Amino acid sequence: MEEKEIQIRLTAGEINQLWVQFLNDSSSICFLTYFLEKVEDNEIKPIIKYALELSQSHIKIITAILTEEKNVVPHGFRIEEDVNLTAPRLYSDSFVLNFINQMSKVGLTLYGASVSASVRNDIRTYYMDCLTETMELYKRSTDLLLSKGLFRRSPNLPNLEKVEFVKKQWFMLDVFGEKRPLVASEVDNLFANLQRNALGVATLLGFSQVANDKDIKQYFLKGIEIGNKHIKLFRGKLEESKLPAPMGWEAEITNSTTQTFSDKLMMFIISGLISMSIGYYGTAVSQSPRGDITSMYNRLSLEVQLYSEDGANLMIKNSWMEQPPMASDRDELIQK
């Protein structure tokens, strides 16, 4: 007689990763379905379709896991509630391709974290599969961006001719306003964060055109102002070292003002972009030896966190924020 395998309960980390991924993938299905409906470029269309199929597959798997574990399945986002598929095009095909490419980079980071947070074998295997799929999405989208001449490369640096060691505190500190040239990690982070902010500003610009609620529209406009400020600062740091900076994406937004996505969905997307910005700024701090750059990132991170808090308050006010899985409130249970 075969011994029945004992199913180990999900840990808090595993439940959290599944819950967050369900919300992310359900929102992605809404956006990608709309993008697929509007795409005109026959080379970009298969990329959108592949990304959509991945998100649809993930939703089915997560739903099955949570149901089996007797956990409630999140409401998330739904096409019939959160997307107007008859609305005109809001973004160009090239913007959509870049957006998918950037999101695939984010996915690689998140799925890597999910693998390390998972203990149960089936959950680890699932996230390793997600990682492999996302690597393929990143490869396909990057290859197409390169072939179309749309990929924005970070600046080149001169080749090292000999090994050198830092001899002065000047390398770390901003002494009397004198600054050393940027090191490779600082260049890479400034360029990447500038590019992400440029994409975020363009996303917000489109959202502000089609937002329904006046307060939500004002929130998006404030985000555009903050994003442009950060872009200006990052560009200034690159230009100090005579390095080029990428241009914005505003030209890739159409003039449509027809409500395309629900305010709830757009707020969720912006909330996610804000969270990622805080994480990327933290990484930049840890990889930037120059004092003026670390202090800049710390200051900007605080500004983004305050903006994030305003967004969370708006979502709570409108009953749009799904409550994540929580530990039991023992004090409340005792009082019953």
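In the predicted model, the protein exposes about 18700 Å², of which carbon and sulfur atoms supply 55%. Buried residues account for 43% of the 336 residues. The fold comprises ten helices and zero strands, and the elements accordingly run α-α-α-α-α-α-α-α-α-α from the N terminus. The radius of gyration is 22 Å, close to the 20 Å given by the globule rule for 336 residues, so the protein is as compact as a globular protein of that length. Along the principal axes, the C-alpha atoms fill a box of roughly 70 × 50 × 45 Å. Among contacts between residues at least 6 apart in sequence, 84% join residues at least 24 apart.

With respect to charge, the protein carries 37 positive and 43 negative side chains, and the centres of the two sets lie 5 Å apart. The structure holds 13 salt bridges. One of these joins the side chains of aspartate 41 and lysine 148, with an N to O distance of 2.8 Å. Aspartate 41 belongs to the loop between α1 (12-38) and α2 (45-68), and lysine 148 to the loop between α5 (121-147) and α6 (184-210), so the pair ties together parts that are 107 residues apart in sequence. Lysine 148 is partly exposed, its relative accessible area being 27%.

A salt bridge also links glutamate 69 and arginine 120 (2.9 Å, N to O). Here glutamate 69 is located in the loop between α2 and α3 (79-82) and arginine 120 in the loop between α4 (93-117) and α5, so parts that are 51 residues apart in sequence are tied together. Both glutamate 69 and arginine 120 are buried.

Between helices, glutamate 303 and lysine 229 form a salt bridge of 3.2 Å, N to O. Glutamate 303 lies in helix α9 (residues 291-317) and lysine 229 in helix α7, so the pair connects parts that are 74 residues apart in sequence. Glutamate 303 is partly exposed at 21% relative accessibility, as is lysine 229 at 40%. Salt bridges with shared partners further join Lys237, Glu240, Arg290 and Asp292 into one network.

Helix α7 (residues 214-240) also contains isoleucine 226, which counts as buried at 11% relative accessibility. Leaving out residues up to four places away in sequence, isoleucine 226 touches Glu303 and Tyr307.

Lysine 264, in helix α8 (residues 263-286), is buried yet has no salt bridge. Its nearest side chain of opposite charge, glutamate 81, is 5.1 Å away. Beyond its neighbours within four places in sequence, lysine 264 is in contact with His75, Gly76, Phe77, Asp82 and Trp320.

Methods
Residues are numbered from 1 along each chain as its sequence is written. This is a predicted model: local features need pLDDT of at least 70, side-chain atom pairs count only at pLDDT 80 or more; totals for chains, interfaces and linings use all residues. Side-chain values use heavy atoms; hydrogens and water are left out. Helices (H or I, at least four residues) and strands (E, at least two) are DSSP runs, numbered from the N terminus. The radius of gyration is taken over C-alpha atoms; the globule rule is 2.2 Å times the number of residues to the power 0.38. Buried means under 20% relative accessible area, exposed over 50%, partly exposed in between (1.4 Å probe, protein chains only). Contact means heavy atoms within 4.5 Å. Accessible areas come from the Shrake-Rupley method with a 1.4 Å probe; for residues, only the protein chains shown count as cover. Lys and Arg count as positive and Asp and Glu as negative; His and the chain ends are not counted. The place of a charge is taken as NZ of Lys, CZ of Arg, CG of Asp or CD of Glu. A salt bridge is a side-chain nitrogen of Lys or Arg within 4 Å of a carboxyl oxygen of Asp or Glu.
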